[in-house]
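The following paragraphs offer a guided reading for someone new to this structure. Please keep the sequence and the three-dimensional view side by side while reading.

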Amino acid sequence: MPRKRASSYESLDADFLILGSGIAGLWAALQLAEHGHVLIVTKKDEAESNTNYAQGGIAAVMSQLDSIKAHVTDTLTVGSGIAKPAVVRRVIAAAPEMVRKLIDVGVRFTYRTPAERVAGLDLGLEGGHSAPRVVHAADLTGQEIERALIHAVMTHPNISLLVHHLAIDLIVVDDSRERRSVGAWVFDRFGRVIKRALAPVTILSTGGAGQVYRHTTNPDIATGDGVAMAYRAGCRIANMEFVQFHPTRLFLPGAGRFLISEALRGAGGKLRNSRGDFFMAMVHPLADLAPRDVVARAIVAECRRTRSRCAYLDLTHLKPQFVRERFPNIHKRCLELGLDITKKAIPVIPAAHYMCGGVMTDLQARTDLPGLWAAGEVSCTGLHGANRLASNSLLEAMYFADTGSRSAARARAGLKRRMPRLIRDRVLPAVGPLARGRRHWNLLRNSMWNNVGIIRDHEGLKRAESELRRLIKDAENRYRTIGTNADTLEYRNAALVGWLIAESAVSRRESRGLHERTDFPRTDDQRYHRDTILLRR
Ligand SMILES: Cc1cc2nc3c(=O)[nH]c(=O)nc-3n(C[C@H](O)[C@H](O)[C@H](O)COP(=O)(O)OP(=O)(O)OC[C@H]3O[C@@H](n4cnc5c(N)ncnc54)[C@H](O)[C@@H]3O)c2cc1C
């Protein structure tokens, strides 16, 4: 395989380099643009992100009938003992301010009636929350947030946005004085060239990794790139075993990864099994509004018991007009697929949805590597612990992008002064032909789904671990022999992230939060009341 000669890459320079254009990357860009030139690199179109598909909303205490204390308690309860109380208190207390900042930048949330615009945000109720507190824009909250933030970014003179550019790896300099990040190698997918983006500050905001599983609600971009890059660069990666499976992905031919939001259960929707029986009241005191992991496991158990492929979410007892108005997007999508949800129950299955673990950060979004900050789903901040409370993730992404930007802006001058004059180019595999076939992806996704899925045991996890080791070798081999293309880069990252999940799951010999093991059904606080941390040896 021909290699690029050293120092032959086009260079892109900025004060701040941001990888990803979801809520975390866009919000960080807007804050940092007040302090210097910002370059956003994103691997597909500007809006393509998990953020863009968020339906439910963003959790914040916006009503006098609710309290910060209750939101903190709900978050800690769902976090199953390993969410960090100091982090939870800080983020939850800032949530109302985050919502107001989004409104100020132009996000149009839903209000109860037009006359109530001052204090009348419509607040949804979701599983695990003890009060309605989910601020939303109908059932297209993420799309509305992306619309407003992209508009603000595009009109800001200090921000450049490069679409269809995929970050390959961080550029790490390691001299006698220090080891730090000075930017990233980037693959221009359309121009088919490799570039290097240099900046004293890099913000990693590449989102989640749902694509490592056969069934997921995440779009194609969610291949865990940021976690893989940070691991290769020597950052600590924490709590990867805690993968949230959303209980209700639409299960209709042609539905793809379309999500049926939890807000439907918040509005009164109820789950039935294939025989038409309601089952959640027998499983948990909160019935259909139990935490997501409980609902997902109950659906799996019910499907096994009744030998069926899916469960059904029933809204037919609700007023059709309310359903159409409150969930216009879901109603429309199901109608397109031939199902009128005001008349018939919706077939649903659980699917990989959210990664609680990720690159370890402190309260200012700093990672272990000087020059590198991480915000959003790519990070592990301590907010979620072993499980994420619904709609706390947009909040987390926004909060850490906000506080992280302040910290990065303060640090930039010092980092810029210490920017090495000469950066030696690493020799990367040359650009290769477009990839063919999906077999390698199927092997990875099936292994993850079958062995590292909703219910786990030692045997399955060890099987996955060794399969994934083989897949990592295969991925590195493809990268070296086929060369750089989007598929080899993403597959290389996804295989590594799959292994990080399996490795973390093997080592936690207990059940806690999202991590359910049939061979260790109890929570073992004596041995496992701690984070699972992986560091490249
Ligand atoms: C269907 C669905 C519904 C959801 N509903 C809710 C909800 O109601 N409330 C809630 O709080 N959370 C929800 N979530 C979770 C929430 O949307 C995400 O956790 C959050 O949006 C993550 O934001 P982010 O900025 O970290 O990442 P993302 O929004 O995923 O953005 C990541 C960005 O990084 C880019 N990227 C990735 N890899 C690279 C690379 N190598 N190089 C360059 N760019 C790269 C991507 O293209 C993308 O632009 C939902 C998620 C899904 C999938």
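**A guided reading of the model**

The count of disulfides comes to 0, a disulfide being a pair of cysteine sulfur atoms within 2.5 Å. This is a predicted model, in which local features need pLDDT of at least 70 and side-chain atom pairs count only at pLDDT 80 or more, while totals for chains, interfaces and linings use all residues. Residues are numbered from 1 along each chain as its sequence is written, and side-chain values use heavy atoms, with hydrogens and water left out.

Two cysteines illustrate the absence of disulfides. The closest cysteine sulfur to that of C235 belongs to C380 and lies 13 Å away, too far for a bond. C303 is likewise in no disulfide, the nearest cysteine sulfur being that of C310, 6.4 Å away. C235 is buried, with a relative accessible area of 1%; here buried means under 20% relative accessible area, exposed over 50%, and partly exposed in between, with a 1.4 Å probe and protein chains only. C303 is also buried, at a relative accessible area of 12%.

The description now turns to the strands and helices. Helices (H or I, at least four residues) and strands (E, at least two) are DSSP runs, numbered from the N terminus. Two strands pair if DSSP finds at least two bridges between them.

In what order do the 5 strands of the open sheet stand? The order is β7-β3-β2-β11-β18, and the pairing is parallel. At the edges stand β7 (159–162) and β18 (372–374), each of which pairs on one side only. Neighbouring strands of this sheet are turned against each other by 20 degrees on average, direction ignored. For such values, axes are lines fitted to C-alpha atoms, for helices over the stretch in contact, and angles run from 0 to 180 degrees between N-to-C directions.

The sheet can be followed strand by strand from the β7 edge. Strand β3 (residues 38–41) pairs with β7 in the parallel sense over 4 bridges, and V38 stands opposite I159 in β7. On to β2: 4 bridges join β2 to β3, and the two run parallel. A further 4 bridges join β2 to β11, again in parallel. I18 has bridge partners in both neighbours, namely I40 in β3 and I203 in β11. The side chains of β2 alternate: F16 and I18 point one way, L17 and L19 point the other way, and all are buried.

Helix α1 (residues 23–32) joins β2 and β3 in a right-handed β-α-β unit. A crossover is right-handed if, with the strands pointing away from the viewer, the path from the first strand over the helix to the second runs clockwise. A24 is found in helix α1 and counts as buried at 5% relative accessibility. Leaving aside residues up to four places away in sequence, A24 touches S205, A375, G376, A397 and A401, where contact means heavy atoms within 4.5 Å.

Helix α10 (residues 392–417) packs on the sheet, touching β2 (16–19), β11 (201–204) and β18, and its direction makes about 175 degrees with that of β18. A second helix also meets α10: the axes of α3 (residues 85–105) and α10 come within 9 Å and cross at roughly 90 degrees. That makes α3 roughly perpendicular to α10, since angles under 35 degrees count as roughly parallel, over 145 as roughly antiparallel, 65 to 115 as roughly perpendicular and the rest as oblique. Among the residues in this contact are V87, R90 and V91 in α3 and N392, L395 and M398 in α10.

Another strand pairing deserves attention. Strand β13 (residues 243–250) is mostly covered, with 8 of its 8 residues buried. It is joined by 6 bridges to strand β16 (residues 346–355), and the two run antiparallel. In β16, M355 is the bridge partner of V243.

Finally, two loop residues may be examined for their backbone angles. Most residues other than glycine have a negative phi, and most peptide bonds are trans. R307, in the loop between α7 (292–306) and β15 (311–314), has a positive phi near 50 degrees. A365, in the loop between β17 (358–360) and β18, has a positive phi near 70 degrees. Which of the two terms, buried or exposed, applies to R307? R307 is exposed, with a relative accessible area of 78%, whereas A365 counts as buried at 1% relative accessibility.
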